[in-house]
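Work through the exercises below with the sequence and the structure at hand. Try each task before reading its solution.

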Amino acid sequence: MFRSMLGLRKYTIGATDGEIGHVSDFFFDDRSWIIRHLVIETGSWLMGRKVLLSPQSLMAPDWMHKRLPVRISRDQVKNSPDIDTEQPVSRQHETQYADYYGYPYYWGETMALAPVDPTAIALVDESDSAGDPHLRSCQAVLGYSIHGTDGDVGKVQSMLVDEQNWGIRYLVVETSRWWSGHQVLIAPNWLTTISWAQSTVSVNLTRDAIKDSPSFDSTAELNRRQEAALYRHYQRPSYWELEQAMARQQELKREIVTLRVPGLDPSKT
């Protein structure tokens, strides 16, 4: 199931011994489009301090009451490494947070949001600051202009997040500039170029193709049938097909390793 990034903002974060605050933003890795940190506004009990929490700390969400329980205490949050979330987050800060909470490092891992090939999207004017150039604020991307192959498409209004792995599956695009009253979905792996300095995103789709795409209703739950129709329309492989192919490749590799005879050169078999 998918959750709107806009809808997830303001969700209450509940520790094991009380409330921590509410979600104000998310940081995602622009190579895999997976959310790596939730930015939490703690409110008065920590003098408005903002802290980072990894999705790894989350327990079963309470969607009905818009509450995300976490398996940490208020004291753990209070004593966590201090960080200015308004500034670029460095890998050093991420390492301190991971070590403090005992979470494994995500960088260098092979698991990623399968449909996003890190080499497929050209990232223009990457940051040269002390921060991680690939860690981006979801809030900052809202309002980015989307350009098709033959003109302006619209602006990023929200993102749809997969609640199973916290991957960003779709950008929700408002097309009011040329097609009033409509929203469309664009998958991150369809993007060709992102300019962070210019706040623009390019996609290898024409405006006519986008206009003829299956309609999107933000008030209704997006189901697999609708997703399949979207991918058929653009003649693109779906992310679940790509994930299945990746899983088969990994299984084949494991079988090869299992069958390998010690001392035997696999290249000569």
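**Exercise 1: The end of a helix**

Task: Find the sign of phi at glycine 102, just after helix 3.

Solution: Glycine 102 takes a positive phi of about 80° in this position. The model is a predicted one, and the angle is read from its coordinates.

**Exercise 2: One helix, one face**

Task: Decide which residues of helix 3 are buried, and how they are placed around the helix axis.

Solution:
- Step 1. Helix 3 covers residues 91-101, and its buried residues are Glu94, Tyr97, Ala98 and Tyr101.
- Step 2. Seen down the axis of helix 3, these buried residues fall within an arc of 95°, so they line one face of the helix.
- Step 3. The general rule behind such a pattern is that an α-helix has 3.6 residues a turn, so residues three or four places apart point the same way.
- Step 4. Now look for the cover. The elements that cover the buried residues of helix 3 include strand 4 (34-41), strand 5 (50-53), helix 2 (74-78) and strand 8 (135-137).

**Exercise 3: The partners of strand 14**

Task: State in which sense strand 14 pairs with strand 9, and in which sense with strand 13.

Solution:
- Step 1. Strand 9 (residues 145-148) runs parallel to strand 14 (residues 200-203), with 3 bridges between them. Serine 145 has threonine 200 of strand 14 as its bridge partner.
- Step 2. With strand 13 (residues 191-195), strand 14 pairs in the antiparallel sense over 4 bridges. Here leucine 191 is the bridge partner of valine 203 in strand 14.
- Step 3. Strands 13 and 14 form a hairpin, with 4 residues between them. In the turn, serine 199 has a positive phi of about 55°.

**Exercise 4: A serine in a loop**

Task: Is serine 238 buried or exposed, and what does its side chain contact?

Solution:
- Step 1. Serine 238 lies in the loop between helix 6 (224-234) and helix 7 (239-259).
- Step 2. Buried means under 20% relative accessible area. Serine 238 has 2% relative accessibility, so it counts as buried.
- Step 3. Its side chain makes a polar contact, at 3.2 Å, with the side chain of tryptophan 240.

**Exercise 5: The whole protein**

Task: Describe the protein by its helices and strands, its buried share and its exposed area.

Solution:
- Step 1. The protein has 7 helices and 14 strands.
- Step 2. Of its 269 residues, 45% are buried.
- Step 3. About 14000 Å² is exposed, and carbon and sulfur atoms supply 51% of that area.

Notes: Residues are numbered from 1 along each chain as its sequence is written. This is a predicted model: local features need pLDDT of at least 70, side-chain atom pairs count only at pLDDT 80 or more; totals for chains, interfaces and linings use all residues. Side-chain values use heavy atoms; hydrogens and water are left out. Buried means under 20% relative accessible area, exposed over 50%, partly exposed in between (1.4 Å probe, protein chains only). Helices (H or I, at least four residues) and strands (E, at least two) are DSSP runs, numbered from the N terminus. The arc is that of the directions from the helix axis to the C-beta atoms. Contact means heavy atoms within 4.5 Å. Two strands pair if DSSP finds at least two bridges between them. Accessible areas come from the Shrake-Rupley method with a 1.4 Å probe; for residues, only the protein chains shown count as cover. A polar contact is a pair of N or O atoms within 3.5 Å; within protein, one must be able to donate a hydrogen and the other to accept it, and residues adjacent in sequence count only if both atoms are side-chain atoms.
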